[in-house]
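Visitor: I should like a close look at a single part of this structure, namely the surroundings of the bound ligands. Please describe that region in one connected account.

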Amino acid sequence: MCENNKWDSSQIRNYDLDLQPIPRLHYKDPKVDELMKTNQPVLLSGSNIAKPAVDKWTLEYLEENLGKCGHTVYVSKTHKFKYFNREKILSKANPKGVEFTSETKSVEMKVSDFMKKLKEWKQGDDRLYLQQSLNSSVGSAIVKDFMGFEWRYVTEKKIRHGWGELSANLLFIAMEGNCTPCHYDEQENLFAQIKGFKRCILFPPDQFECLYPHPVYHPHDRQSMVDFDEPDYIKFPKFKNVKGFETVVGPGDVLYIPIYWWHHIESLLADGPTVTVNFWYKGGPSCLEYPLKDDQKVSIMRNVEKMLLEVLQDPKEVGPLLRTILLGRYV
Ligand SMILES: CC1(C)c2ccccc2-c2ccc(C[C@@H](CC(=O)O)C(=O)C(=O)O)cc21
Ligand SMILES: [Zn+2]
C-alpha cells in the first residue's frame, strides 16, 4: 500500500477484506469520464479543484478564519463516528419511539476550543470530529478561497454525468485515527482531501446483502450493522464474502464516490489531524432502463421498506409480511 513513502501500512487499521485498488488517474484523463459514466469510483490526481485550500488551509489558518460562530463537533468515546439521525427516533414509522442510543453525540464548539482540544488530546480522551458547511457563516478569507476552487471542472462533470444540484460543500476536520464506519449516501460525492491522509474503503451497491444496513426507519439508516473491528459472522455471515475497493487519498487528491456506493473512511493513525472538503450532488433523474442498475434496486428496496412501515406502523410486522409474500412463492 505504501506509494509515496509518506505513510506506511502500520497507520491503517487491519480488516480481513478482499479489496482491489481504486484506479488513480490524472483528472484530465478521458478515462475519468468512462468510469464516472458507469458509476465507478476513481481517484483524480493533479487537479486544482480545491487548490486554494490545499495551499492555504493549515489548522492555524482555519482557526483564524473559520468564523466566530459555533461549529458542529461530533464527540465519540471510540474511534468510530457512526451517523445517527435523531429525526428517525419518533418518526411515524417508529411510533413507540423504540429506545435508541447513539455512541456519537454532537455539540456546538468554538473553533478555538476545538483546536485547543486537538492539541491537548491523548489516548483515552473522547475523540472529536468537526463538520462545517462552507457557506456564508464562515470567514471572508475562507469564502474567497472557496470561490477560487476549480468550479469549471466540477460543473462540467455535473452536467456531463447528469448529476443533480450541488447540495452541500462540507468541511471536515478529524483527529488522527478517526473512523467513519461503512455507510452509503444518496448523493454523488467529489471528496477533496486537503490535509493529511485518509484511507477509503468502498463497496458497490450490489454488496447490499453482505453489508446488512440498519432498517430504513432506524436512526442508523444507510449505515452497515457490521462492526468492521469485530465482525459478527454469525449474525452477518455474508460479510465474509464482501468484495470492495480501496485507496488512500492525500492532499490534492479528489476521490469520486458514486451515489449509493458504500464507503468506510479513516484518518491515518499517528499522522495528525486531517482536513477534507466534500462536494455532495443530488442524484440526477434516473429513467427505468432494463436491466435496472444496482443503485436503482437499492432505491426500490428503500421505497418498499418505507411503504410497508408507513402502512404496517409496527416494524416487527414487516418481516412476517415479507416472509408470507416470499416463502413458497418467490423463493
Ligand atoms: C463522521 C461525520 C463527521 C458525521 C457525524 C455525524 C453525522 C454525519 C457525519 C459525517 C458525514 C460525512 C463525513 C465525511 C465523509 C466521511 C469521512 O471523511 O470521515 C463521508 O462519509 C462523505 O463525504 O460522504 C463525515 C461525517
Ligand atoms: Zn458518506
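Guide: In this predicted model, ligand 1 sits in the largest pocket. Several secondary-structure elements each give two or more residues to the shell around ligand 1: strand S6 (127-133), strand S8 (179-183), strand S9 (187-195), strand S13 (262-267) and strand S14 (274-282). In total, 16 residues surround ligand 1, and the closest are Tyr83, Tyr129, Thr180, Asp185 and Lys198. By residue class, the shell around ligand 1 divides into eight nonpolar, six polar and two charged residues.

The polar contacts of ligand 1 may be taken one residue at a time. The side chain of Tyr129 places an N or O atom 2.5 Å from an oxygen atom of ligand 1. For Asp185, the corresponding separation between a side-chain N or O atom and an oxygen atom of ligand 1 is 2.8 Å. A polar side-chain atom of His183 lies 3.0 Å from an oxygen atom of ligand 1. On its own, ligand 1 has 540 Å² of accessible area, and the protein covers 95% of that area.

Two of these residues also lead to the metal. The zinc ion (ligand 2) is coordinated by His183 through NE2, by Asp185 through OD and by His263 through NE2, at 2.1 to 2.2 Å. His183 and Asp185 thus appear both among the donors of the zinc ion and in polar contacts with ligand 1, the former at 3.0 Å and the latter at 2.8 Å. Along the chain, the donors of the zinc ion follow the spacing H-x1-D-x77-H. Asp185 and His263 link distant parts of the chain, being 78 residues apart: Asp185 lies in the loop between S8 and S9, whereas His263 belongs to strand S13. Strands S8, S9 and S13 are also among the elements that give two or more residues to the shell around ligand 1.

Strand S14, another contributor to that shell, leads to a backbone feature. In the loop between S14 and helix H8 (294-312) lies Pro291, and a cis peptide bond joins Tyr290 and Pro291, with omega about 0 degrees. A further backbone feature is found at Asn39, a residue other than glycine whose phi is positive, near 55 degrees. Asn39 lies in the loop between helix H1 (31-37) and strand S3 (42-45). As context for both features, most residues other than glycine have a negative phi, and most peptide bonds are trans.

Terms used:
Residues numbered from 1 in each chain as written. Chains lettered and ligands numbered in written order. Predicted model: local features only at pLDDT ≥ 70, side-chain atom pairs only at ≥ 80, totals over all residues. Heavy atoms only, no water. Near = heavy atom within 4 Å. Polar contact = N/O pair within 3.5 Å; in protein donor to acceptor, adjacent residues only side chain to side chain. Areas by Shrake-Rupley, 256 points an atom, 1.4 Å probe, with all protein chains shown as cover. 1 Å grid on protein atoms, 1.4 Å probe; cavity = no way out; pocket = protein on both sides within 12 Å on 5 of 7 lines; lining within 4 Å. Sits in = over half its atoms within 2 Å of the grid points. Helix = DSSP H or I, 4+ residues; strand = E, 2+ residues; numbered from the N terminus. Nonpolar A, V, L, I, M, F, W, Y, C, P; charged D, E, K, R; others polar. Donors = N, O, S within 2.8 Å, 3.2 Å for Na, K, Ca; no water.
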